[in-house]
Amino acid sequence: MYGPTRSEVVTHDVMQTCSYTRWASREILCDRNYMEVSHHIATPEAKGQAQDVEEIDINPDASGAEHGIWKLTFYTPEPVSMLLREAKQAGYGAMVTSTRLVMRSPYNTAETYSSDVGGVSMKIFSVSAYYKAPHGLSVMNLAAACPTGGVLFLNNVIAWHVPRRVTPLVDGSFEILEMHMGINGKRLDRSQMATRGYTLSATDFHIVIEIPVGSPDGHYKSHAPDYQYNIAYIVEPMLEVLWRTTDTRDDTRYKVLFPITTPLVLQPLHVQENTVAEARVFSVVLGPLLHDVVLRNITFLTKVLTVEESNARGFTVQEHLYSNGTKSISVLVPFDADIVLKDNPEPLVTTYFLSLNFGFIILPEEAPFAHLVEFQASLQDVELPTIAGTCDQNQFYISVKYGSQGNNFKVMVGLQHLTTEMADYQFKENGTHYNLILPYTAKDTTFELITSESVRARVDVFLLHTSNDWVLADLFLACNFPITTTECYPNGTMMATAVKVDSVTDIIPSRLTLKDQSCKPAFSDDRFAYFSFSVSSCGTTRTFFDHYMLYENEIAWPYNKRASPTSPVGPQYRQTISCYYVVNETQTVGFSSKPRLFEPTAEIGSGQLMVQMRLAQDSSYELFYRAEDYPVVKYLRQPLYFEVALVESTDPNLELILENCWATLDEDRTALPSWDIIVDSCENPDDSYVTIFHPVVSDDRVFVPSHIKRFSMKMFTFTKDEEVLKDEIFVHCDAEICDRHSQVDGSCRGQCFQAAHQMNYRREIKGVKRGK
């Protein structure tokens with residue numbers, strides 16, 4: 001034997017002792033693939049006792065007398081003679097010793113033949129052997145017969161039948177002296193047979209051995225005909241019979257080793273699914289399989305992976321062995337794996353599909369077969385996107401927060417599918433949000449109501465599933481936007497604006513008219529109509545009351561004259577427009593010719609004026625952020641609505657003017673860098689998003705409009721070299737309070753009265769700028 005390094009030979013002395021039963025006169029062995037017969041050679045003293053031995057007084061040719069055998073004559077049943085050399089070339093074996101002559105033949109030689117003995121198919125060879133003996137040339141007749149059938153399968157039991165009288169071997173009467181069974185060439189005693197459930201019995205015609213299928217002395221083997229998984233049970237019983245002929249008193253030991261394979265049985269593989277949807281992992285166990293089956297690969301819907309590749313990708317594939325000689329394969333696949341298909345049968349439900357085609361081979365022949373299994377699991381795990389929106393004086397601001405499926409949805413504005421090619425819209429997208437800005441005049445918005453000072457516009461936003469068109473989220477946002485619908489000029493000219501509202505679906509702005517239907521719009525498009533006319537034309541009426549003249553007209557959309565008689569009389573759309581003019585006015589002027597002795601002066605006094613600055617939640621200036629809400633979180637370019645008010649004062653002669661407002665990174669009002677928002681009471685012209693002043697009118701909260709100033713700006717941040725310096729900004733304002741009726745105090749001529757070239761601006765720190 002070679003050592004570990006194969007550089008040296010290791011020698012071991014082994015001694016084995018084997019004991020055998022005493023030779024019978026004739027020994028016949030039926031092995032797996034050959035038949036053998038051994039016969040005792042009769043000596044001259046026992047010449048009369050061997051019936052199959054005959055002396056021939058002929059000297060054979062020396063070339064054919066190797067090992068003492070001259071020639072062989074086979075009976076098929078016709079005689080075929082061969083020299084020993086020729087017999088060996090044909091596949092036979094023959095040998096003679098001083099006491100025995102042995103002949104061996106494969107089952108499939110040309111000189112063997114088949115015969116039915118007691119209903120059992122047998123392979124038989126019969127030969128006369130001529131051999132050189134001490135007393136001369138002798139001939140011996142030899143024969144062997146081996147079963148090739150006789151197996152029955154009934155009720156999961158193997159019943160092996162061997163003829164009790166093997167005709168070619170027994171001519172006359174005989175008696176059975178011994179009868180044994182064994183497994184794999186080894187005898188079993190009665191207790192061993194009983195333990196295993198084996199039986200050995202004899203009938204008038206057969207010797208029968210019965211073996212339960214699945215006995216531990218055999219084994220199962222896998223097969224894959226037509227790529228289907230089958231199994232067969234294999235066991236090798238042995239039958240040993242010793243009989244004695246009545247007339248010659250010769251003994252014959254007959255031993256048969258007979259491998260038996262049961263018919264193939266289709267083996268259904270059972271699939272045990274242990275998937276718990278909440279764990280988000282497919283869990284599958286496939287079996288049972290025999291140990292000679294090896295999993296080579298798994299075919300998923302999109303790729304084929306070996307077991308090693310599957311485990312490397314996080315799909316746990318394991319083999320489990322059991323004590324009964326079988327095994328199973330378990331597979332764990334996460335729901336989120338790229339090989340798992342996903343679908344949404346309902347908006348909130350995800351169905352996960354997994355297809356596994358197990359590719360097996362059977363060893364050692366490497367016969368392939370496959371087994372396909374498919375699974376699905378449903379889980380209510382979809383987080384839908386959400387929509388929020390705000391407005392300023394001119395635009396809608398829509399923010400979409402993605403759900404668990406990211407931006408996998410379609411956006412509809414009104415009836416229009418939103419695309420990046422729409423010129424009126426501004427888009428901004430990141431990994432979690434989708435922001436949209438559109439003017440209130442965009443074609444996909446709807447006008448609900450128009451008043452003399454504002455128009456109520458609505459935008460409808462829908463998020464639809466990409467394939468099923470389910471509505472995942474919706475927003476119906478309506479806001480009032482300031483608009484001047486009627487302007488009255490001192491020269492008696494009126495200008496009016498009409499808006500198409502959704503309550504009149506078929507209105508065409510270009511066909512709107514005044515009371516005099518010959519008065520058409522001076523300009524119109526698909527949503528607006530603009531009229532310009534004199535108060536003395538187009539059917540304008542005039543009414544007097546107190547000291548005023550009221551001029552009124554009407555913009556109308558008449559019903560179709562060809563409509564049904566049940567249609568109401570009157571216009572579908574009516575918008576009244578009016579202008580007031582003072583009829584007469586008396587101005588009283590007081591004067592005195594008596595010169596004053598001194599100019600009057602105001603008495604110097606002292607007191608406190610309190611000014612408050614607040615941030616409103618929207619353009620209505622009805623709700624304000626509280627102190628605990630700061631800092632207030634806003635996205636870039638979202639509007640900020642500021643209100644600065646003189647509080648605890650009811651003097652209508654006072655007016656608050658915003659002189660300067662600016663933003664810094666720190667609470668210190670003198671900190672740098674800074675950005676000017678209002679300079680010398682006007683908006684900063686260098687700002688690409690100009691500050692907007694909002695008018696203030698009396699209402700339940702505002703008693704003196706001149707005490708309040710409102711403005712809006714768009715959220716920004718300070719950047720340097722394209723990097724954000726800080727997330728927070730602070731807004732500061734300087735306010736001036738003056739006498740609104742004083743001619744001396746020039747600052748009270750209103751918010752923003754100076755020319756742009758007179759303004760003094762703050763300077764930015766070099767390299768630092770405002771990020772838009």
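**Confidence, a sheet and a surface patch**

Me: Over residues 46-66, where pLDDT stays under 50, how many contacts beyond four places in sequence does the model have?
Reply: This is a predicted model in which local features need pLDDT (the predictor's confidence in each residue, from 0 to 100) of at least 70, side-chain atom pairs count only at pLDDT 80 or more, and totals for chains, interfaces and linings use all residues. Residues are numbered from 1 along each chain as its sequence is written, and side-chain values use heavy atoms, without hydrogens and water. For residues 46-66, the contacts (heavy atoms within 4.5 Å) beyond four places in sequence number 32.

Me: Which strand has the highest mean pLDDT among the elements of the chain?
Reply: The mean for the chain is 87, and 91% of its residues reach 70 or more. Among its elements, strand E3 (residues 53-56) has the lowest mean, 44. The highest, 97, belongs to residues 206-212, a strand (a DSSP run of at least two residues) named E16.

Me: In E44, which residue is the bridge partner of Met 495?
Reply: An open sheet of four strands follows the order E41-E42-E44-E43, with antiparallel pairing (at least two DSSP bridges between two strands). Seven bridges join E42 (residues 493-499) to E44 (residues 528-534). Within E44, Met 495 has as its bridge partner Ser 532.

Me: Why does Val 582 count as partly exposed?
Reply: Val 582 lies in strand E47 (residues 573-582). Partly exposed covers relative accessible area between buried (under 20%) and exposed (over 50%), with a 1.4 Å probe and protein chains only. Val 582 counts as partly exposed because its relative accessibility is 46%.
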